[in-house]
Amino acid sequence: MSLDEAIGQLEKLVTEIRRVSLSDDKTSLSNSLALAQEERQINMGVSPFRVIIFGDLNDFKQLNDSYGYEAGDVGIRRTGETIQSLLVEGLEAKAFRQSGDEFVILLQEDMVGRFLAAAPSFKNISFKYEEQELRTAMSFGYARSDNKTSFRELLGRAEIACKHAKSQGDGACVEWVEDIESNPLVRRSGVCKKCNAKISCSLPQDSAPTELKLCPCCGDSLLDE
C-alpha cells in the first residue's frame, strides 16, 4: 500500500468516525453533540435556521410502562423516521434527538407555513411491536430568532410553547409569544370516587377551571354532591 492510499483510507476512517459521533443511536437523526455545533452557528449569526422547534412525545411514559422500553425505542425510531421524511427531506430542516423522547428541529423561516401544515401528521405515529399495532404522538412549540436572543433561550421558549401545545392535544403546535409568559400552565388533579382513576392535567392559567368536574374515564362527577 502506498503512502497516498494509506492517507486516503485514514481520511475515510476519520470521516466515518465523525459521522458516527454526530448520529443518534436510536434514530436516523443527529444527536445532541451535533446540535451543540449548530448552536454555535446560530449564536454567531451565520446559520440559515431562524426557527427553533421543540417536539415532545405525549404520554410516552405510559407507553413504556404498558409495553416496555423496547416498545418505546421502536416508537422513538418511528418518530425519527417521520421527522426525517416530513421535515428534514420535506422542508429542508435539520433535526436532532436531544434526549429521551425530546426532539429539536431547526427550520428556515420561510418554511414555517409548511411546517404548520405538516404538524397534524404527528397526531398519530403508528408502529408495530411484537405483532401489536401501537401508536404515539407528538406536540410542538417553536420560537423565532430575533438575532439577539441566544439559542438556549430560544430553545427554552420553544419548550414552554410545547407545554401549551400538549394541553391542546396530539399534533398541536404553538408559537412562543410574550403572552405565554404571563399565562403559565397550572396543574389540576383529582381522583374519581367511582372508578378510582387518578386524573392530572396542565392547562393555561387563564382558561383552567378551579377544579376538575368530570372523570374522563367513566364520566362520573369528581365533585362532592
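Okay, let's start at one small spot: Glu130 sits in the loop between S4 and S5. Before I go on, one reminder: what you have on screen is a predicted model. So, Glu130. Its phi is near 50°, a positive value in a residue other than glycine. And is Glu130 buried or exposed? It counts as exposed, because its relative accessibility is 57%, and the cut-off for exposed is over 50%.

Right beside it in the numbering we have Glu131, also in a loop, the one between strand S4 (125–129) and strand S5 (132–136). Glu131 has a relative accessibility of 71%, so it goes down as exposed too. Which residues gather with these two in a patch of negative charge on the surface? Those are Glu70 and Asp73, which join Glu130 and Glu131 there. If you want to find the patch on the screen, look for those four names.

Okay, let me zoom out for a moment. The protein chain has 225 residues, and 40% of them are buried. For secondary structure, we're looking at 7 helices and 9 strands. Now the contacts: take those between residues at least 6 apart in sequence, and 56% of them join residues at least 24 apart. As for the surface, the chain exposes about 13,000 Å², with carbon and sulfur atoms supplying 48% of that.

Now for the salt bridges. How many does the structure hold? The count is 14. I'll walk you through three of them.

The first one I picked is Arg97 with Asp24, where the side chains meet at 2.8 Å, N to O. This pair links distant parts of the chain: Arg97 is in strand S2 (residues 94–99), Asp24 is in the loop between helix H1 (3–21) and H2, and they are 73 residues apart. Both Arg97 and Asp24 are buried.

My next pick is Lys94 with Glu38, and here the N to O distance is 2.6 Å. Why does this pair tie together parts of the chain that are 56 residues apart in sequence? Because Lys94 lies in strand S2, while Glu38 lies in helix H2. The two ends don't get the same label for burial, by the way. Lys94 is partly exposed, with a relative accessible area of 35%, whereas Glu38 comes out at 13% relative accessibility and so counts as buried.

While we're on helix H2, which covers residues 32–43, have a look at Leu33, which is in there too. Leu33 has a relative accessibility of 46%, so we call it partly exposed. Its C-alpha atom is separated by 6.0 Å from that of Leu22, and those two residues are 11 apart along the chain.

Back to salt bridges, and the third one: Arg157 with Glu153, with the closest N and O atoms 3.3 Å apart. This one is within a single helix. Arg157 and Glu153 are 4 residues apart in helix H6, so about one helical turn separates them. Arg157 counts as buried, because its relative accessibility is 16% and buried means under 20%. Glu153, on the other hand, is partly exposed at 42% relative accessible area. And one more thing on salt bridges in general: some share partners, and that joins Asp24, Asp25, Lys26 and Arg97 into one network. You'll recognise Arg97 and Asp24 there from my first pick.

Last stop, the loop that leads up to that helix. Thr149 is in the loop between strand S6 (138–144) and helix H6 (151–168). Thr149 has a relative accessible area of just 14%, so it is buried. What does Thr149 touch, not counting residues up to four places away in sequence? Two residues, Leu154 and Arg157. That's the Arg157 that forms the salt bridge with Glu153.

In that loop between S6 and H6 you'll also find Asn147. Asn147 is exposed, because its relative accessibility is 62%. Its phi is near 65°, again a positive value in a residue other than glycine. That brings us back to where I began, with Glu130 and its positive phi.

Okay, that's my tour. Over to you for questions.

Note on methods
Residues numbered from 1 in each chain as written. Predicted model: local features only at pLDDT ≥ 70, side-chain atom pairs only at ≥ 80, totals over all residues. Heavy atoms only, no water. Helix = DSSP H or I, 4+ residues; strand = E, 2+ residues; numbered from the N terminus. Buried < 20%, exposed > 50% of the residue type's maximum accessible area, 1.4 Å probe, protein only. Contact = heavy atoms within 4.5 Å. Patch = residues over 30% accessible without salt bridge, like charges linked within 9 Å, V, L, I, M, F, W, Y side chains within 5 Å. Areas by Shrake-Rupley, 256 points an atom, 1.4 Å probe, with all protein chains shown as cover. Lys, Arg positive; Asp, Glu negative; His and termini not counted. Charge placed at Lys NZ, Arg CZ, Asp CG, Glu CD.
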